[in-house]
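Biologist: I am new to this structure. Please pick one part, look at it closely, and then set it in the context of the whole.

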There are 2 protein chains.
Amino acid sequence: MLDQADTWLPQPDLDQVDVGTVLQALSDPVRLRIVRLLDAAGEGSCSTLDVPVKHSTVSHHLRTLRESGLLATRLVGNTRLSRLRKDEMERRFPGLLTSILTATPPVEVLVTTETPGPIS
Amino acid sequence: MLDQADTWLPQPDLDQVDVGTVLQALSDPVRLRIVRLLDAAGEGSCSTLDVPVKHSTVSHHLRTLRESGLLATRLVGNTRLSRLRKDEMERRFPGLLTSILTATPPVEVLVTTETPGPIS
DNA sequence: CGCAATAAACGATGGAAATCGAACATGTGC
DNA sequence: GCACATGTTCGATTTCCATCGTTTATTGCG
């Protein structure tokens, strides 16, 4: 492993990835959290990601994210370090990932119903 | 025809909308198509949208999109014209809708699945 | 006042996906 | 070699949701 370059899991060419596939991958709350964690940490593995599901489920989500083009996974010994394909995603879908990662959480307000006009 | 202002269906305040909710709404292919059609046409109703599902299903999707903050629906007679809340979405999630609406379809590549043999 | 048109509300159903546990594979270190 | 840690894969289960047909409500029109 010392004198050898990293090996990577197969990943799709982003030119052949549809934006609907990416949105589908990001629609799951756990996967969205994984994406945010990876953006903050740079890299992460199945066991280091702090998500409220079991390891087998995390593995499934990481596979989904990788097959949708969002992640790149490199094999280091016994662990698999995944990272966001941020630059490539930015070239393929400019502004998409950035807008999601920089999105602020919703404002916590008690009374909410904005009704522009009377209904009945 | 009357001198009365339009009435609108209730819609959420975008400040209280989570980006995950929007991604969830956009993850469905039919809803993504509806969003694109509305972006192109400006406005549309349940019967004018060209989607491959029944009207009741379109109604359900329009409701989902409206409750996620993506659509505003105004009542005109017995029809309901929906439009994208594009400007508000741009302020709440800068770049998100734009990146999705301007996303190019995946590149169609001719892939030879056979082994690279001699060209006969 | 009926009648057609538009669309939402309702209930049911089929299929897809998330989740889990167990089994299996692989690499690490003693 | 053996025990342990890390992850994937498989099968089963369960939950969610897209879809549909029907019904209900409202509007517009004769």
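Modeller: His61(B) lies in helix H3 of chain B, residues 55–67; helices (H or I, at least four residues) are DSSP runs, numbered from the N terminus. This is a predicted model, where local features need pLDDT of at least 70 and side-chain atom pairs pLDDT 80 or more, while totals for chains, interfaces and linings use all residues. Residues are numbered from 1 along each chain as written, chains are lettered from A and ligands numbered from 1 in the order written, and side-chain values use heavy atoms, without hydrogens or water.

With a relative accessible area of 7%, His61(B) is buried, a term for values under 20% (1.4 Å probe, protein chains only). Beyond its neighbours within four places in sequence, His61(B) is in contact with Asp28(B), Val30(B), Arg31(B) and Ile34(B), contact being heavy atoms within 4.5 Å.

Now the two chains. A turn of 179° and a shift of 0.0 Å along the axis lay chain A on chain B with an RMSD of 0.1 Å, by least squares on C-alpha atoms of residues with pLDDT of at least 70 in both. The copies are thus related as by a two-fold rotation axis. They meet through the same surface, because 81% of the interface residues of chain A are also interface residues in chain B. Chain A brings 31 residues to the contact and chain B 32 residues. No salt bridges are found across the interface (0 by the rule), which looks for a side-chain nitrogen of Lys or Arg within 4 Å of a carboxyl oxygen of Asp or Glu. On the side of chain A that touches chain B, H1(A) gives the most, with 5 residues.

Notes
Helix = DSSP H or I, 4+ residues; strand = E, 2+ residues; numbered from the N terminus. Buried < 20%, exposed > 50% of the residue type's maximum accessible area, 1.4 Å probe, protein only.
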